[in-house]
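Visitor: I would like to understand how the spaces in a structure get their names. Could you take me through one?

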Amino acid sequence: AELERTFIAIKPDGVQRGLISEIVSRFERKGFKLVAIKLVVPSKEFAQKHYHDLKERPFFSGLCDFLSSGPVLAMVWEGEGVIKYGRKMIGATDPAKSEPGTIRGDLAVVVGRNIIHGSDGPETAKDEIALWFTPKELVSYTSNEEKWVYG
Ligand code: DAT
Ligand code: MG
């Protein structure tokens, strides 16, 4: 299987609502491989780095306050097409526009509390993984399932 990796985070609302297992389970069952995971409370400065692309937007400050308001479950998932397909599993940014069957469509209601983050492309995936994890925290291993997921 190809070594494509993406950064996925369950935001403080998803953690507080007890949705960790539900969300992790969807990525696991799909056949993607977990290569890093940790629970962290990011500082506001860290949240600003994570969302630096949005610093001109009116909701930027509130968004960074929110991300740093409690525990975030930070993860790296690996698999063929995981960046794009992960976004598909997550659904549209505004849960009101996310399809049923997606994570936000099934589990969230408003854009300011949309429970999950996923990298939007190869460049952001690389940058976000490097921001949230040290190289040592990324665990390389062979999943027993690989030959059954990929043939
Ligand atoms: P996504 O998380 O789908 O990649 P994004 O990168 O455009 O979306 O924005 C990051 C987060 O900012 C998003 O998950 C929720 C918040 N956000 C986006 N647009 C917003 C808006 N119009 N009002 C309030 N919050 C918004
Ligand atoms: Mg984004």
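Guide: This is a predicted model. Start with the residue classes: Ala, Val, Leu, Ile, Met, Phe, Trp, Tyr, Cys and Pro count as nonpolar, Asp, Glu, Lys and Arg as charged, and the others as polar.

Visitor: What makes the lining of the largest cavity six nonpolar and two polar?

Guide: The lining consists of Phe7, Ala9, His50, Tyr51, Leu67, Val72, His117 and Trp132. His is not listed among the nonpolar or the charged types, so His50 and His117 count as polar. The split is therefore six nonpolar, two polar and no charged.

Visitor: Why is that space called a cavity?

Guide: A cavity is a set of points where a 1.4 Å probe fits but cannot get out, so the name refers to enclosure. The count comes to one cavity of 30 Å³ or more, and the largest cavity holds about 30 Å³ of space.

Visitor: What is the volume of the largest pocket, and which residues are closest to its centre?

Guide: The volume of the largest pocket is about 640 Å³. Its lining has 26 residues, and those closest to the centre are His50, Tyr51, Leu54, Leu63 and His117. Two or more lining residues come from each of α3 (44-50), α4 (60-67), β4 (116-118) and α7 (122-132). The largest share, four residues, belongs to α7. By class, the pocket lining has eight nonpolar, nine polar and nine charged residues.

Visitor: How do you know that ligand 1 sits in the largest pocket?

Guide: To sit there, more than half of a molecule's atoms must lie within 2 Å of the grid points of the pocket. Ligand 1 is assigned to the largest pocket, so it meets that condition.

Visitor: What makes Thr93, Arg104 and Asn114 polar contacts of ligand 1?

Guide: The cut-off is a pair of N or O atoms within 3.5 Å. An oxygen atom of ligand 1 is 2.5 Å from a side-chain N or O atom of Thr93. For Arg104 the distance is 3.0 Å, and for Asn114 it is 2.8 Å. Each pair is within the cut-off, so each counts as a polar contact. The protein covers 73% of the 510 Å² of accessible area that ligand 1 has on its own.

Methods:
Residues numbered from 1 in each chain as written. Chains lettered and ligands numbered in written order. Predicted model: local features only at pLDDT ≥ 70, side-chain atom pairs only at ≥ 80, totals over all residues. Heavy atoms only, no water. Polar contact = N/O pair within 3.5 Å; in protein donor to acceptor, adjacent residues only side chain to side chain. Areas by Shrake-Rupley, 256 points an atom, 1.4 Å probe, with all protein chains shown as cover. 1 Å grid on protein atoms, 1.4 Å probe; cavity = no way out; pocket = protein on both sides within 12 Å on 5 of 7 lines; lining within 4 Å. Points joined across faces, edges and corners; volume = space filled by probe spheres on them.
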